[in-house]
Amino acid sequence: MSVDLRISPDQIIERYLSMELVRVTERAAVSAARLRGHGNEKAADQAAVDAMRRELNRLPIDGEIVIGEGERDEAPMLFIGEKVGNKQGPKVHIAVDPLEGTTLCAKDMPGSIAVMAMAGAGSLLYAPDVYMDKIAIGPGYPQGVIDLDASPADNINALAKAKGVKPHEISTLIMDRPRHAKLIEEVRKTGCSIRLITDGDVAGVIFCTQPEKTGIDLYLGIGGAPEGVLAAAALRCVGGQMQGRLILDTEEKRVRAAGMGVKDPNKKYDMSEMASGDVIVCATGVTDGGLLSGVKFGKDVIETETIVYRSVTGTVRRIYGEHREFSKFQLD
Ligand code: VTB
Ligand code: MG
Ligand code: MG
């Protein structure tokens with residue numbers, strides 16, 4: 001990839017903003033982590049939402065939430081369509097999941113994160129909070145090697161051939177849900193391993209980008225659509241392939257999606273139709289997990305780990321934070 005290293009005023013804003021996003025997800029993660037293991041999903045989620053919103057509103061952006069906590073009437077904050085930022089900056093669209101894996105956080109189980117993506121206006125899919133059928137792999141494969149409409153066996157065989165391994169040497173990741181019984185059975189027949197996760201498929205999809213580290217080659221199955229767009233945004237930055245289809249199985253969902261601009265309810269979205277243009281994705285660990293360490297509360301220091309992806313350059317940064325001024329995490 002050849003990159004023009006001269007910095008335009010726009011890029012200065014974008015480069016500067018990637019560090020600002022770190023503050024946003026750090027804050028959300030610390031607020032949620034205070035309620036880690038308390039068995040109260042709602043309270044942890046609300047703490048993350050409040051913190052993320054407060055921090056987003058300090059940013060020099062003219063922002064709009066396109067993936068959020070629901071629509072205006074059902075979510076008090078960070079609803080789809082909500083305007084955020086101080087308006088003194090570029091027009092951007094934002095996808096948020098302030099606490100991805102609320103159950104994981106409430107039970108203090110691995111893998112909950114605070115995550116968001118930011119891109120130029122119009123670059124992120126306006127997706128309602130429905131399910132999405134997804135398939136994803138990491139970088140380094142010929143385009144089109146996997147297809148959402150192919151059978152699991154065909155996808156696994158094609159991927160194995162492209163990787164130069166036997167089909168049973170491919171490792172998959174699927175959410176452990178009754179709705180996946182048939183999918184799991186079909187994958188089992190190929191002899192592949194399946195890592196079953198209870199929650200948190202944004203990280204699950206991202207795992208495919210580093211198979212040598214995570215042991216995962218292929219993500220399959222149905223999870224949330226907002227999580228699908230966030231994962232697609234991360235894959236856009238480091239390469240990989242992903243497809244998704246909204247599951248609009250009731251008239252009410254179809255009407256809701258149509259209201260957000262979804263013309264074809266059966267459309268198969270490619271990664272770059274879910275997240276295009278210049279994207280920044282940022283996530284901070286809440287509980288310890290395969291992608292990120294969780295927040296550590298010391299007597300004098302709070303530690304965080306954050307990952308930031310930029311699509312312009314494909315740069316991925318891991319930022320370890322040691323926070324000594326605790327007051328910044330208090331409610332204001
Ligand atoms: C999905 C998945 C998320 O919640 O939305 C899941 O994408 C909800 O699925 O990562 P169910 O309705 O089957 O529980 C997460 O696991 C966490 O938000
Ligand atoms: Mg959430
Ligand atoms: Mg979520």
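# Report on a predicted model

Helix α4 covers residues 152-163, twelve residues in total. At 1.5 Å a residue they should span 16 Å, and the end C-alpha atoms do lie 16 Å apart, so the two values agree. The model is a predicted one.

## Helix α4

Five residues of α4 are named as buried: Pro152, Asn155, Ile156, Leu159 and Ala160. These residues take up an arc of only 130 degrees around the axis, so they sit on the same side of α4. Several elements help to cover them. Among them are two strands, β5 (131-137) and β6 (171-175). The cover also includes α5 (181-190) and β8 (218-224). Just after the helix comes Gly164, with a positive phi of about 80 degrees.

## The magnesium site

Which residues coordinate the magnesium ion (ligand 3)? They are Asp97 (OD), Glu100 (OE) and Glu227 (OE), at 2.0 to 2.2 Å. Along the sequence, these donor residues follow the spacing D-x2-E-x126-E. Asp97 also serves as a bridge between the magnesium ion (ligand 3) and the magnesium ion (ligand 2). The two ions lie 3.8 Å apart. The pair links distant parts of the chain: Glu100 belongs to strand β3 (residues 91-100), while Glu227 belongs to helix α8 (residues 225-238), 127 residues apart.

Are the glutamates of this site buried or exposed? Glu100 has 4% relative accessibility and therefore counts as buried. Glu227, at 16%, counts as buried too. The cut-off for buried is under 20% relative accessible area.

## Asp45 and Glu69

An unreviewed UniProt entry lists Asp45 and Glu69 under "binding site". The two span 25 residues in sequence, yet their C-alpha atoms are no more than 9.8 Å apart, so they gather at one spot. Both belong to the lining of the largest pocket.

Asp45 is part of helix α2 (residues 41-56). Setting aside residues up to four places away in sequence, Asp45 touches Glu69, Leu99 and Thr102. Glu69 sits in the loop between β1 and β2 (83-84). With a relative accessible area of 23%, Glu69 is partly exposed. Beyond its neighbours within four places in sequence, Glu69 is in contact with Asp45 and with Asp97, among others. Asp97 is the bridging residue of the two magnesium ions. Other contacts of Glu69 include Val49, Ala75, Met77, Leu78, Phe79, Val96 and Pro98.

## A longer list from the record

Under "binding site", the unreviewed UniProt entry also lists Glu100, Gly101, Thr102, Tyr131, Arg177, Pro178, Arg179, Asp199, Gly200, Asp201 and Gly224. Which of these residues does the lining of the largest pocket include? Among them are Glu100, Gly101, Thr102, Tyr131, Arg177 and Arg179. Asp199, Gly200, Asp201 and Gly224 are included as well.

Gly101 is placed in the loop between β3 and α3 (102-106). At 9% relative accessibility, Gly101 counts as buried. Arg177 is found in the loop between β6 and α5. Arg177 is partly exposed, with a relative accessible area of 23%. Outside its neighbours within four places in sequence, Arg177 contacts Ile197, Thr198 and Asp199. Asp199 is itself on the UniProt list.

## Strand β1 and two positive phi angles

Glu64 lies in strand β1 (residues 62-67). At 18% relative accessibility, Glu64 counts as buried. Its contacts, leaving out neighbours within four places in sequence, include Gly81, Glu82, Lys83 and Val84. Val92, His93, Ile94 and Tyr126 are also in contact with Glu64.

Most residues other than glycine have a negative phi. Leu78 is not a glycine, yet its phi is positive, at about 55 degrees. This residue lies in the loop between β1 and β2. Leu78 is buried, with a relative accessible area of 0%. Lys87 also has a positive phi, near 70 degrees, in a residue other than glycine. Lys87 is in the loop between β2 and β3. At 49% relative accessibility, Lys87 counts as partly exposed.

## Accessibility at a glance

| Residue | Relative accessibility | Class |
|---|---|---|
| Glu100 | 4% | buried |
| Gly101 | 9% | buried |
| Glu227 | 16% | buried |
| Glu64 | 18% | buried |
| Arg177 | 23% | partly exposed |
| Glu69 | 23% | partly exposed |
| Lys87 | 49% | partly exposed |

Technical notes:
Residues numbered from 1 in each chain as written. Chains lettered and ligands numbered in written order. Predicted model: local features only at pLDDT ≥ 70, side-chain atom pairs only at ≥ 80, totals over all residues. Heavy atoms only, no water. Donors = N, O, S within 2.8 Å, 3.2 Å for Na, K, Ca; no water. Helix = DSSP H or I, 4+ residues; strand = E, 2+ residues; numbered from the N terminus. Buried < 20%, exposed > 50% of the residue type's maximum accessible area, 1.4 Å probe, protein only. Expected span 1.5 Å × (residues − 1). Arc of directions from axis to C-beta. Contact = heavy atoms within 4.5 Å. UniProt positions renumbered as here; feature names shortened; annotations may be inferred. 1 Å grid on protein atoms, 1.4 Å probe; cavity = no way out; pocket = protein on both sides within 12 Å on 5 of 7 lines; lining within 4 Å.
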